[in-house]
Amino acid sequence: MLLAIPALLTVFQSLFVVPADGIGIGEFTKIDNYLFLFKNEIFWATCLRSIWFALIFIVGSTVIGLAAALLLNEKFVGRMVLRGLLVLPWACPWLIVGIIWKWFLDGNIGLFNGVLIRLHLISHYKDFLSDPKWALWMTALAAIWRQSCLVALLLLAGLQTLPRDIWDAASVDGAGIIQRFRHITLPWLRPALTVVTVLNVIYGLMQFDVIFAMTQGGPGSATTLLSFLIYRQFFIFTNFGIGSALAVALAFIALIGGLIAVKTLYRKIEV
Amino acid sequence: MESSENGLGLNSNLDRRTLLKGLGVAGLASAPMFNSGMMSAAEAASQTINFTAWEYQPDTIKSLVATWAKKTGNKVNTSFIPNVGYTAGIQARQRGGKPADVFYNFAYNSQKFVSQKWAADLRGLPGADKMVAEMFPSARSRFVAENGAIVSAPYFAAVHMLQYNKKMVAAAGFSSTPNSLQETYDQCKKIKANGVESPYVAYWVKDFVEEYLHVYLLAGNVTPFDKKGDPVFMDDPKTLDVLNWWQAMYKDGMTPKSVLTDDPGKHTTSIANGDAAFYALHHYFLRDIVESKGSASGDIAQAKIVGTGGKTLQMGEVIQLGGKVTGAKKAAAWDFMKTYGYKDASGQFTTFQKWAASGALCAPYPGFFTDPKVIAAFPKYMDLTLIADTFKSASDVVPARTLPWYQGFQAQCGTIIHDLLLGNSNARATANALAIACKTAKSGSGL
């Protein structure tokens, strides 16, 4: 009920011109709010940008999270400390993550630039957030930093249920580390990966706080996502009909993304 | 210096003119009105008022609230909403049926809230006319709508000023701060040649750059909107000069490239440490610069954005009375609001004296600047006379900024101006895009 009623109300409102004072439902406009969006080039550009951001976020957090889970599943000194530390970024609210990363990426004093210079990847400090070519990547990186910790925790839990004897038997049969990863570990993690990817699709498409803290959607419209347009319609233009239509469009994209993730990843475990 | 256009009598509209003419009469009548106000307050004692504010100096807010509650015997439930997301938070409470009786608001939301009936028109409340009458003429139209409605009381007021490094300006061979935008560029260029890589900093982030649009248009002697609130800047050739200047400042490296995302804290550090020569923002930022005790903090002074040229933007945020408050509670809420945004029952600027001491914030009343307690409370390194003069005769509130549709324009400004600065657009296209943004904001069809 808690999910269904607001969802249905949003779909309902998307068909009306909703009075800003919240009293009554206003004029029925059929699908005019959707037609307004579909004819608007800002909407389509923002859709593409949101999908692109989500793709970077999904791939980045899944790959980094998986690598961290595999590492922390091995025995080494300090493993427990590192597992504990994994919770810290995840415990940070998204907005705080944005603020931390804004300073980390600072073009004058940011540690990120210092690291890149030490690695000889850049020759002088660069302000990535003010560069439209980099801003989306950098905001995605900040979001990945937090989300990959959650991914690592979930996948680590999955890895710990993997029977060691299967892995050992494969070793005895001469399977190398890559073969064991491909034919044992990955299939075993498929259900967890499916859940993780669906979560990442949702978090990636709904992202707002990190970007709000880092760039406010700028420079220009370089990091303006659909979530920003929804916020604007609801609280700035006070246009709840179009805001709701945008929310439905975003939910639809998330649904398609989630379905693709499930279709691609979910299979019965066959080890 | 010419008077503010609002100071010439606010004669654009009969209702507003009638109201403001009546203010003289209101002043004469103020004694009985105040008595009646005090009676209302007495009758209203032991009311419980719900007050919502954003989290700037919450301890100061709590102390101001406690003082008023103790004096009047009323109770105030204060709730704070973080600055980030305040607009969303306060609107959600209104729509969700939990509206505050008195609340902070951004000035650009004030008329929208009255038109949605989320906030009350203060006309007719005891002392409301006198409050408006005592304001700087240049400030009144932030609080009085075209139809004469008094939409809010001041929470604080400020003017955009130029914080500058005296030594750097002198070392570059200039005897005064810039008197025009072009001189600002020229001085920056010279100071840059002297080794300061990015001489000029300002808070040009996406959500804030709209304020600078007005700061620079006013500095360039452009009237942004007419008295009806229609945009006229795009028809003025001087607008293109201003926009070209702005683009050049960024493109030619007078500002750091990161200025599009840097926050005021970084700019404060930058100028306080001698990494910048100019910092354009509200007057009270000088306090942060000086008190941060950077290596150059002692060299920083304040001047008008363009010394003898155009005006600057006068800004400020407001407090509003809830639209659903009635009866004795309304009287108590208004008494609280008057104390918070005007004077207390004994005629003192108690609240503003406190804000002056804790944040160097101002009030849009000439009386504030001559109040001995304010003078004593204001930081000594700030030139209160200069700030008062800027309020009085060298600033404009741009009345359109409080119109119900305005926030829709403000939301679109960031992308348009950033595109100009990044070189994706030219001055003419930018002026046209801003005019279109006004149109879509008015019709509610912006995205």
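1. The buried residues of α3(B) (buried: under 20% relative accessible area, 1.4 Å probe, protein chains only) are B:T60, B:I61, B:L64, B:V65, B:W68, B:A69 and B:T72. Viewed down the helix axis, these residues fall within an arc of 165°, so they line one face of α3(B). The arc is taken from the directions from the helix axis to the C-beta atoms. B:D59 and B:K70, on the other side of α3(B), are exposed (over 50%).

2. This is a predicted model, in which local features need pLDDT of at least 70 and side-chain atom pairs pLDDT 80 or more, while totals for chains, interfaces and linings use all residues. Residues are numbered from 1 along each chain, chains are lettered from A, and side-chain values use heavy atoms, without hydrogens or water.

3. Helix α3 of chain B covers residues 58-72, 15 residues in total. From first to last C-alpha the helix reaches 21 Å, close to the 21 Å expected at 1.5 Å a residue.

4. The whole structure holds 4 cavities of 30 Å³ or more (a cavity is a set of 1 Å grid points where a 1.4 Å probe fits but cannot get out). The second largest has about 90 Å³ of space. Its lining (residues with an atom within 4 Å of a point) draws on chain A with A:K102, A:W103, A:L105, A:D106, A:D127 and A:L129, and on chain B with B:T261, B:D262, B:D263 and B:K266. These lining residues divide into 3 nonpolar, 1 polar and 6 charged.

5. An unreviewed UniProt entry places "domain: ABC transmembrane type-1" at residues 47-261 of chain A. Over that range the chain is 75% helix and 0% strand (DSSP runs of at least four and at least two residues). The end C-alpha atoms of the range are 19 Å apart.

Note on methods:
On a 1 Å grid over the protein atoms alone, a cavity is a set of points where a 1.4 Å probe fits but cannot get out, and a pocket is an open set with protein on both sides within 12 Å along at least five of seven lines; lining residues have an atom within 4 Å of a point. Grid points are joined across faces, edges and corners, and a volume is the space filled by probe spheres set on the points. Ala, Val, Leu, Ile, Met, Phe, Trp, Tyr, Cys and Pro count as nonpolar, Asp, Glu, Lys and Arg as charged, and the others, Gly among them, as polar. UniProt positions are given in the numbering used here, feature names are shortened, and annotations may be inferred rather than shown by experiment. The expected span of a helix is 1.5 Å times one less than its number of residues.
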